[in-house]
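Trainee: Got a minute to go through a model with me? I'd like to talk through the rings, the cysteines and the ligand site.

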Amino acid sequence: MSEAGAGDRPGTARPYRICVVCLGNICRSPMAEVVLRAVLERRGLADAVVVDSAGTGGWHVGEPMDERAAATLAAAGYDGSRHRARRFEPSWFAERDLVLAMDRENLRTLRRLAPPEGADVRLFRSFDPDAPEDAEVPDPYYGGREGFVRVLEMVEAAAEGIADHAARVLGRAPERR
Ligand code: 4NP
């Protein structure tokens, strides 16, 4: 699969498209979507990179973010109020340049769903230079509020690396924070 997201013809910039995927799309991936969008906005990449999110499971489709996730975001200055959960559809691979899984189970599921010609599917934390290999963003759903704070820390730590990657693919100079 081509890595290019900058447009196939000179002068025609099409956005680089990223989908973040967890299990339920009410905790981890919507938090990551909001944080990633904020980083891209700060770096002037908001128009060049499109971010969305989904779950591999469909139990919560149509629901807003888990209130613990939204509260954790709000305490850090982010707005998670507009989110509505969706389930990842295999047809979306054709419309995304990069699909980011929050844990190894989501990664396995996505790779099973991927088209035979392949897709760029990676772990979200693989873009955090300080994270160990194969590091996951653990599911916080059955735990306490502290788990959501940890999710936010992990997501913020990887988001700059994801923005660096998108900037590189788009041919934009990487911007130091
Ligand atoms: P998420 O968390 O994958 O981070 O959105 C979960 C949300 C709901 C469930 C599991 C994980 N659930 O089993 O309903």
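What follows is a short back-and-forth on this predicted model.

Trainee: How many aromatic pairs are there?
Mentor: Rings count as a pair when their centres lie within 6.5 Å. By that rule, the count is three.

Trainee: Is the F88 and F93 pair stacked or edge-to-face?
Mentor: Start with the distance: the ring centres of F88 and F93 are 5.0 Å apart. Then look at the planes, which sit at 70°, and anything over 60 goes in one class. So the F88 and F93 pair is edge-to-face.

Trainee: Which residues make up the aromatic cluster with F88?
Mentor: We've just met one partner, F93, and both F88 and F93 are buried. The cluster takes in a tryptophan too, so to speak, and its members are F88, W92 and F93.

Trainee: What is the angle between the planes of Y141 and Y142?
Mentor: These two form an aromatic pair, with 4.8 Å from centre to centre. The pair is edge-to-face, and the angle between the planes is 80°.

Trainee: Is Y142 buried or exposed?
Mentor: Take Y141 beforehand: at 29% relative accessibility, Y141 counts as partly exposed. For Y142 the relative accessible area is 76%, and the cut-off for the top class is over 50%. That makes Y142 exposed.

Trainee: How many disulfides does the structure hold?
Mentor: A disulfide is a covalent bond between the sulfur atoms of two cysteines. Check C19: its closest cysteine sulfur is in C22, 9.8 Å away and too far for a bond. C27 also has C22 as its closest, at 6.9 Å, which is again too far. The structure's disulfide count is zero.

Trainee: What is the relative accessibility of C27?
Mentor: C19 is buried at 0% relative accessibility. C27 counts as buried too, and its value is 5%.

Trainee: Which backbone atom contact with a ligand oxygen is at 2.8 Å, by residue?
Mentor: Go through the backbone N or O atoms facing ligand oxygens: L23 has one at 2.9 Å. I26 has one at 3.0 Å. The 2.8 Å contact comes from G24.

Trainee: What share of the ligand's area does the protein bury?
Mentor: The residues around the ligand include C22, N25, R28, H60 and D139. Taken alone, the ligand exposes 350 Å². Of that, the protein buries 93%.

Trainee: Which pocket is the space taken by the ligand?
Mentor: Y141 and Y142 are among the residues around the ligand. Ranked by size, the space the ligand takes is the second largest pocket.

Methods: Residues are numbered from 1 along each chain as its sequence is written. This is a predicted model: local features need pLDDT of at least 70, side-chain atom pairs count only at pLDDT 80 or more; totals for chains, interfaces and linings use all residues. Side-chain values use heavy atoms; hydrogens and water are left out. Rings of Phe, Tyr and Trp (its six-membered ring) pair if their centres lie within 6.5 Å; planes under 30 degrees apart count as stacked, over 60 as edge-to-face and the rest as tilted. Buried means under 20% relative accessible area, exposed over 50%, partly exposed in between (1.4 Å probe, protein chains only). A disulfide is a pair of cysteine sulfur atoms within 2.5 Å. A residue is near a molecule or strand if one of its heavy atoms lies within 4 Å of it. A polar contact is a pair of N or O atoms within 3.5 Å; within protein, one must be able to donate a hydrogen and the other to accept it, and residues adjacent in sequence count only if both atoms are side-chain atoms. Accessible areas come from the Shrake-Rupley method with a 1.4 Å probe; for residues, only the protein chains shown count as cover. On a 1 Å grid over the protein atoms alone, a cavity is a set of points where a 1.4 Å probe fits but cannot get out, and a pocket is an open set with protein on both sides within 12 Å along at least five of seven lines; lining residues have an atom within 4 Å of a point. A molecule sits in a cavity or pocket if more than half of its atoms lie within 2 Å of its grid points.
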